[in-house]
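I opened this notebook to follow a few charged and polar side chains, and I wanted to set down each term as I used it.

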Amino acid sequence: MKALKAALLSMLAAAALMTGCSDSKTDTDVEVDIGDIKADTDVSVDISDIEKDYKTNQLTQMDFVFDTDKNVSEFGVSIDTGNITIEYSRDNKTGLSLEYTVYADTEEVCKEVKSHLNAIAETNGSRLDIRLIEDKTQEDISSWLRKNIPDCRVEYDLYITVPEFVSSFEAKENVGNLTFGDICGKFSGIVGVGNITCTGSQFTESSVIKCDTGNIAMSDCIYKADTDITADTGNITFCLPLNGSGGADISVKADTGNIKMTGIKNYDVKSENKKDTSHSLSIEVENCNIGFAANTGKIIIDKE
């Protein structure tokens with residue numbers, strides 16, 4: 001079943017890549033190594049194996065600044081494939097630094113794609129969304145390329161900054177890597193194939209961080225609300241909550257993969273269970289209850 005799941009996700013990656021996008025700046029190979037557990041659970045999703053080679057490419061950098069109403073408290077972005085990084089801005093505007101590379105067999109096709117690609121910010125009530133679009137029709141750029149210029153590949157890298165009055169973040173990718181920086185609020189980060197990193201984030205409302213196939217790294221975070229962190233197939237590195245956390249029930253689950261606990265400090269073990277290839281651990285630390293569970297894998301405690 002695990003081999004079948006990896007194959008299906010590889011097909012998902014292939015479909016995304018052939019419709020106009022993939023990751024250029026970050027290694028999108030997903031390596032899952034659960035050590036010496038006696039089970040057929042190692043999974044490797046190598047996107048480069050399914051990419052088509054093109055004869056030429058063209059790199060473009062575009063920068064955008066969007067006025068942001070102070071009533072905006074929610075932010076959203078969703079792309080098929082690429083890298084997304086979200087951090088706070090230093091002003092009351094939303095910024096987008098977009099770098100993308102067009103791969104095609106001719107320079108003319110690269111230039112044609114470039115002439116159509118644009119980005120917009122849409123506000124609906126308290127929510128602002130950034131979209132990558134076809135310039136004239138404002139259709140999703142991946143959908144438009146799939147219909148109009150199918151024989152190319154576009155690799156996207158989005159660096160997004162939002163005002164500090166934004167307190168809810170939703171980011172989705174089919175294939176790629178997602179990074180939440182030093183931001184605060186409610187998080188919904190969903191990746192099909194790729195990796196998620198949260199560094200210096202503060203979880204103040206119920207949040208979800210999830211990879212279907214990929215690795216998750218949580219470091220230097222404060223937890224003040226319930227948070228579910230899940231990797232269906234992949235490894236999770238979880239740094240224990242920083243001072244200032246409290247009142248949160250945190251769930252850290254890997255269906256197939258290891259969980260590594262870092263940032264070791266004094267904590268109380270409530271329960272622990274090892275059975276066959278599974279391992280679970282429940283602890284209390286910084287006024288938070290944390291439940292770790294690896295269905296096929298192990299929980300590793302980094303004592304350094």
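I looked first at lysine 93 and aspartate 67, whose side chains meet in a salt bridge at 2.5 Å, N to O, the term meaning a side-chain nitrogen of Lys or Arg within 4 Å of a carboxyl oxygen of Asp or Glu. This pair links distant parts of the chain, since lysine 93 lies in strand 5 (residues 93-104) and aspartate 67 in strand 3 (residues 56-67), 26 residues apart; strands are DSSP runs of E, at least two residues, numbered from the N terminus.

I noted that this is a predicted model, in which local features need pLDDT of at least 70 and side-chain atom pairs count only at pLDDT 80 or more, while totals for chains, interfaces and linings use all residues. Residues are numbered from 1 along each chain as its sequence is written, and side-chain values use heavy atoms, with hydrogens and water left out.

I then checked accessibility, where buried means under 20% relative accessible area, exposed over 50%, and partly exposed in between (1.4 Å probe, protein chains only). Lysine 93 is partly exposed at 33%, and aspartate 67 is exposed at 62%.

I turned next to glutamate 155, which forms a salt bridge with arginine 153, the closest N and O atoms being 3.1 Å apart. Glutamate 155 is buried at 4%, and arginine 153 counts as buried at 5%.

I also found a salt bridge between the side chains of aspartate 232 and lysine 210 (3.1 Å, N to O). Aspartate 232 is in strand 15 (residues 227-233) and lysine 210 in strand 12 (residues 207-213).

I closed with the search of the whole structure, which finds eleven salt bridges.

Technical notes
Helices (H or I, at least four residues) and strands (E, at least two) are DSSP runs, numbered from the N terminus.
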